[in-house]
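Q: I'd like a close look at one part of this protein: the charged side chains that pair up, and where they sit. Please take it slowly and keep it informal.

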Amino acid sequence: MPPHTPSASSWPTTRSPLRDVRVVDLDLDLDSDLDSHLDREDGVVLSLTPAPGCPPVRAGAVYALVRLRGRPVATVLTTIPEGADPAAVLTAAFRAQYADADQQPCHESLLSGAGVGVGAGAGAVPPRTTVVVATRERADTLGRALDSLLAQDHPDFGIVVVDNAPATSATRDLVDQDYAGRLTYVHEPVPGLATAHNAGVAATDSPVVAFTDDDVAADPHWLTALTAPFAADPRTGCVTGLILPARLTTPAQILLESHGGFAKGFAPRLYDPAAPPAGEPLFPFTAGSFGSGASMAFRASALRAVGGFDPATGTGTPARGGDDLYAFVRILAAGHRLRYTPDALVWHHHRETWQDLRNQAYGYGAGLTAYLTAVLCRHPALLPPLLAKLPRGLAHARAITAHRDEPRAGAPGIPGAHGAHSHPWPRSLSRLERRGMLYGPLGYAKARWGRR
């Protein structure tokens, strides 16, 4: 990785400031007939609050999660004028955005299980679950995550904190002083996120194991929504959820979210190896579209049957990432279903600096090819289908790392819509992603050799 950090003048110019976008959570009570209410001025604002850890809403750029009676259905990006009512402006922006014919796919998602309809697992009693939080020397953010997890509405769950290769006693001290008796502490001396996750799985006998990060704040309904599908469908092996930014105050945070962030949209999806999705010719190797490690859960028996997470992948190893992607593909290859549900929401605190963004760009590229290498090394039978799909895979990789000069004409400037081109994506970051892809197999080999 290049050692220097670019100066502020090296940031790409855009049509809007790349800083200080307030993130808010807007809950509306509108008529269930969306076609009728989008053009009407009535409706009740149930709540308007800042995202966890975000400053209060004020005049200026605002990025809002919109809920309908508590269920996430959309995001909008708009500007609040001085003296205006923020709730009224955001509600009007929501109506305008989803009344537009060009936004029809998003409009349809509002009518699906992610919106006013019934999602997978609705009404099912979620099974007993353990939440695993792996952390390393981040006690300052860990407390916020644990507080949000202890406030979950799930009827039967526990929490395991895995202290991964700690250099100090800060995490242990935090757990002992502020959370004694309310969660389980596990010390894992071997560095690596996958190793830490495996240690968390070994520390529980719950039928379902959920995972999140130490830099998130979980919505109170997150765990229930994430685990109810396991009770509704015995073939479900994995469920992933929605991840939105808690803060967009720096250029690095906004660029990351504009490039796609961690969000996977507001329409629930089912990935079934017995009926591959017609629109995804690379399935199941496009694991990045299934979800992310900050919001995922597994049927514990299925995860153990495939060997858990590959310890030579993940943050903290030379592979730099890919541990979650590896697990997604292995679960699908074993015949289990994977579901994505936007009702399971966590707010993620993105890293703030330009160097953080450079590290992430490189790490994403490395993790992508490292996980593919891991799949093929451990499961050679998957090599023929991967080779058959490789040309399209390379084209896909080039597309997702492409440099972007200007927003597309008429494209909504909404961070989180992957490919929306709402801000330029610097060539330097595209190059870093591709360099990471080249390094990924070597990083995985180094990690495996180091473990030997």
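A: Let's settle one word before starting: a residue is called buried when its relative accessible area is under 20%. Keep in mind, too, that this is a predicted model.

Now to Asp 233, which is buried. This residue sits in the loop between helix 7 (222–232) and strand 10 (236–245). One of its salt-bridge partners is Arg 337, and the closest N and O atoms of that pair are 2.9 Å apart. Arg 337 belongs to strand 13 (residues 337–348), so this contact ties together parts of the protein that are 104 residues apart in sequence. Arg 337 is buried, just as Asp 233 is.

Asp 233 also forms a salt bridge with Arg 339, and here the closest N and O atoms are 3.2 Å apart. Arg 339 lies in strand 13 as well, so this pair ties the strand to the loop between helix 7 and strand 10, across 106 residues of sequence. What about accessibility? Arg 339 is buried, and its partner Asp 233 is too. The pairing carries on from there: salt bridges with shared partners join Asp 233, Arg 235, Asp 272, Arg 337 and Arg 339 into one network. As background, side chains of opposite charge can pair when their charged atoms come close.

The whole model has 15 salt bridges, and another of them is worth a look for its setting. Asp 29 pairs with Arg 69, their closest N and O atoms being 3.5 Å apart. Asp 29 is in strand 1 (residues 22–29), while Arg 69 is in the loop between strand 3 (60–68) and strand 4 (71–80), and the two are 40 residues apart. Unlike the buried Arg 337 and Asp 233, Asp 29 is partly exposed, at a relative accessible area of 32%. Arg 69 has a relative accessibility of 39%, so it counts as partly exposed.

Arg 69 has a backbone quirk as well: its phi is positive, about 50 degrees, although it is not a glycine. For context, most residues other than glycine have a negative phi. Arg 320 is another non-glycine residue with a positive phi, about 75 degrees. You'll find Arg 320 in the loop between helix 9 (300–305) and helix 10 (323–333), and it is partly exposed at 28% relative accessible area.

Conventions: Residues numbered from 1 in each chain as written. Predicted model: local features only at pLDDT ≥ 70, side-chain atom pairs only at ≥ 80, totals over all residues. Heavy atoms only, no water. Salt bridge = Lys/Arg side-chain N within 4 Å of Asp/Glu carboxyl O. Helix = DSSP H or I, 4+ residues; strand = E, 2+ residues; numbered from the N terminus. Buried < 20%, exposed > 50% of the residue type's maximum accessible area, 1.4 Å probe, protein only.
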